Amino acid sequence: MSESIPSPTRSPMPEVRDGITRKFMIPYTHKDGTKDKLKLYITANTDEHGQLKEVFIKADKMGGLASGALDAVATMLSIALQYGIPLEVLTSKLRRNLFGPSGFTGDKEFPSCSSPFDLIAQFLDKKFGKDPTIGIVSQ
């Protein structure tokens, strides 16, 4: 006799949400040698119990593919969190991905990253994770 597997349930977000927005800058060098900075804005919203359930990521100076990838990651994080997937399971897949821009950020709280995804994971883990030291890269 086979047992029925319960369907996953998505918790609805409240109409009014508490949240924070954090700005990051990752310096990088263009192929022609000019220096620049990628600005990332991460907004993290919580439900009425203070649990992270929604993430938005915006970047300046990024084209369609990069902006689309960041938006897709934010949407998938939000849906997974609303279905009850633990934050640490999600951020463990984002941490230590190595692609640019990366390196030293000049930020005292988050001094370096291996990619924009790594920086996003560091921030979410520190602010909302069970272990605030997970994913923090020391200098």
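## Exercises on a predicted model

The largest nonpolar core has 26 residues, and those with the most contacts inside it are L40, V55, I57 and L124; a nonpolar core is here a set of buried Ala, Val, Leu, Ile, Met, Phe, Trp, Tyr and Cys residues joined through side-chain atoms within 4.5 Å. Two or more residues of this core come from each of β1 (18–29), β2 (35–46), β3 (52–59), α1, α2 and α3 (116–128). The model is predicted, so that local features need pLDDT of at least 70 and side-chain atom pairs count only at pLDDT 80 or more, while totals for chains, interfaces and linings use all residues. Residues are numbered from 1 along each chain as its sequence is written, and side-chain values use heavy atoms, with hydrogens and water left out.

**Exercise 1. Determine which residues L124 touches, leaving aside residues up to four places away in sequence.**

Step 1. Apply the contact criterion, which is heavy atoms within 4.5 Å.

Step 2. With residues up to four places away in sequence not counted, L124 touches A44, L52, V55, L77, L87, T91 and G129.

Step 3. Relate this list to the core: V55, one of the residues touched by L124, is, like L124, among those with the most contacts inside the core.

**Exercise 2. Find the buried residues of α2 and decide how they are arranged about the helix axis.**

Step 1. Helices (H or I, at least four residues) and strands (E, at least two) are DSSP runs numbered from the N terminus, and buried means under 20% relative accessible area, exposed over 50%, and partly exposed in between (1.4 Å probe, protein chains only).

Step 2. In α2, L87, L90, T91 and L94 are buried.

Step 3. Seen down the axis of α2, these buried residues fall within an arc of 90°, and therefore they line one face of the helix; the arc is that of the directions from the helix axis to the C-beta atoms.

Step 4. Recall the general background: an α-helix has 3.6 residues a turn, so residues three or four places apart point the same way.

Step 5. Continue past the helix, where R96, just after α2, takes a positive phi of about 60°.

**Exercise 3. Describe the salt bridges of R17 and D107, and place the latter in its network.**

Step 1. A salt bridge is a side-chain nitrogen of Lys or Arg within 4 Å of a carboxyl oxygen of Asp or Glu, and a search of the whole structure finds six.

Step 2. R17 pairs with E54, the closest N and O atoms being 2.9 Å apart. This pair links distant parts of the chain, with R17 in the segment before β1 and E54 in strand β3, 37 residues apart. R17 is partly exposed at 34% relative accessible area, whereas E54 is buried at 9%.

Step 3. D107 forms a salt bridge with R22, again with closest N and O atoms 2.9 Å apart. D107 lies in the loop between β4 (103–104) and β5 (112–113) and R22 in strand β1, 85 residues apart. D107 counts as buried at 16% relative accessibility, and R22 is buried at 18%.

Step 4. E109 and K126 form a further salt bridge, their closest N and O atoms being 3.6 Å apart. E109 lies in the loop between β4 and β5 and K126 in helix α3, so the pair ties together parts that are 17 residues apart in sequence.

Step 5. R22, D107, E109, K126 and K127 are linked in a network of salt bridges.
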